[in-house]
Amino acid sequence: MIAVSLVSYNTSALLEKLIEKLYAQINIKPEIWVLDNNSSDDSVEMIKKNFPKVNLTQSKENTGFAKGQNVLLKKINSPLILVLNPDTEIETDTLSKMIEFMEENPEVGIGSCRILDSKGRLTSNGGDQPFGTALLSWLFNFDKPGTPSFHRADRHFYESKNVGWIGGTFMLIRKEVLEKAGYFNEDYFMYFEDVELCYKAGKKNYQL
């Protein structure tokens, strides 16, 4: 079983398109959980009308990504949870391929896949932990393909390998990782909470 955890803020049209794709996944019927961060558009009404099976939580304020995700992640009991941004598009076999990968690689605590932009170009969804050379090369724009960097956009980095961190854009997490390593750090409104979670998971000897 797999659950998908989405935190949404004024993304009604994109969210509707994504949920349709999630329900159209081949051989997979995911649980879908959405926290609406006090949107001013029709996101809540759209979900209630079009997707009554979605587990919907409404926040009275915009709590940010980390806190919003934690609300959902603590409710979800599925052994695999996909943290996903509502502005993404996925192929109909994405979940089945990712589940197969996680089943074949039990040492992997958090997994992801290549992400392309609207023009089909590889976009960064991870990198090396921001220490030493990786941090300096990123800060001073010295990074180049094959060298350590906080953000990595070279294609060979996005092969089946252990990495420093995975972005919250598409982050498939084992529930046991959250139980052992902890949840997202709510001191971060958005950004870097995914990096820290991966660091904590690595400390618990999970691969990324």
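Is Q25 buried or exposed? At 6% relative accessibility, Q25 counts as buried, because the cut-off for that word is under 20% relative accessible area. Keep in mind throughout that this is a predicted model. The legends below go from the whole chain to single residues and back out to the pocket.

**View 1. The whole chain, with its 7 helices and 10 strands.** Start here to get your bearings. The chain has 208 residues, and 49% of them count as buried. Take the contacts in the chain with a separation of 6 or more: 72% of them come from residues 24 or more positions apart.

**View 2. Q25, tucked into a loop.** Here's the residue from the opening question. Q25 sits in the loop between α1 and β2. Leaving out residues up to four places away in sequence, Q25 touches I90, E91, T92, D93, T94 and L95. One of these partners, I90, is 65 residues from Q25 along the chain, yet the two C-alpha atoms are separated by 9.1 Å. With 6% relative accessibility, Q25 falls in the buried class.

**View 3. An open sheet of 6 strands.** Read across the sheet and the order is β3-β2-β1-β4-β10-β5, with mixed pairing. At the edges are β3 (55-58) and β5 (110-111), each of which pairs on one side only. As background, strands of a sheet pair through backbone hydrogen bonds, and they can be parallel or antiparallel.

**View 4. Strand β2 and its two parallel neighbours.** Zoom in on β2, which covers residues 31-36. Toward β1, the two strands run parallel and are joined by 6 bridges. One pair to look for is L6 with its bridge partner in β2, V34. Toward β3, the strands also run parallel, this time with 4 bridges between them. On that side, W33 has N55 of β3 as its bridge partner. How many of the 6 residues of β2 are buried? The count is 5, so β2 is largely enclosed by the rest of the structure.

**View 5. Helices α1 and α3 against the sheet.** Two helices come into the picture here. Helix α1 (residues 12-23) lies across β1 (2-8), β2 and β4 (80-84). The direction of α1 is at about 180° to that of β1. Helix α3, made of residues 65-73, packs on the sheet too, and touches β1, β2, β3 and β4. The angle between α3 and β1 is about 145°.

**View 6. N10 and T11, side by side in a loop.** Both N10 and T11 belong to the loop between β1 and α1. N10 has a phi near 55°, a positive value in a residue other than glycine. That's worth a second look, because most residues other than glycine have a negative phi. At 30% relative accessibility, N10 counts as partly exposed. T11, at 15% relative accessibility, counts as buried. Setting aside residues up to four places away in sequence, T11 touches D41, S43 and P86.

**View 7. Helix α7 and the segment after it.** Now move to helix α7, residues 193-203. Which of its residues are buried? They are E193, D194, V195, L197, C198 and A201. These buried residues pack against α3, β5, β9, β10 (170-174) and α6 (175-181). Just after α7 comes N205, with a positive phi of about 70°. N205 isn't a glycine either. With 70% relative accessibility, N205 counts as exposed.

**View 8. The largest pocket, with about 1,000 Å³ of space.** Which residues are closest to the centre of this pocket? Of the 35 residues that line the pocket, the closest to the centre are M98, S112, C113, R114 and I115. Helix α4 (94-104), β5, β6 (115-116) and β9 (165-166) each supply at least two residues of the lining. The largest share, 4 residues, comes from α4. Sorted by class, the lining has 15 nonpolar, 11 polar and 9 charged residues. Strand β5 may ring a bell from View 3, where β5 is one of the edge strands.

Terms used: Residues numbered from 1 in each chain as written. Predicted model: local features only at pLDDT ≥ 70, side-chain atom pairs only at ≥ 80, totals over all residues. Heavy atoms only, no water. Pairing = 2+ DSSP bridges. Contact = heavy atoms within 4.5 Å. Axes fitted to C-alpha atoms, helices over the stretch in contact; angles between N-to-C directions. 1 Å grid on protein atoms, 1.4 Å probe; cavity = no way out; pocket = protein on both sides within 12 Å on 5 of 7 lines; lining within 4 Å. Points joined across faces, edges and corners; volume = space filled by probe spheres on them. Nonpolar A, V, L, I, M, F, W, Y, C, P; charged D, E, K, R; others polar. Buried < 20%, exposed > 50% of the residue type's maximum accessible area, 1.4 Å probe, protein only.
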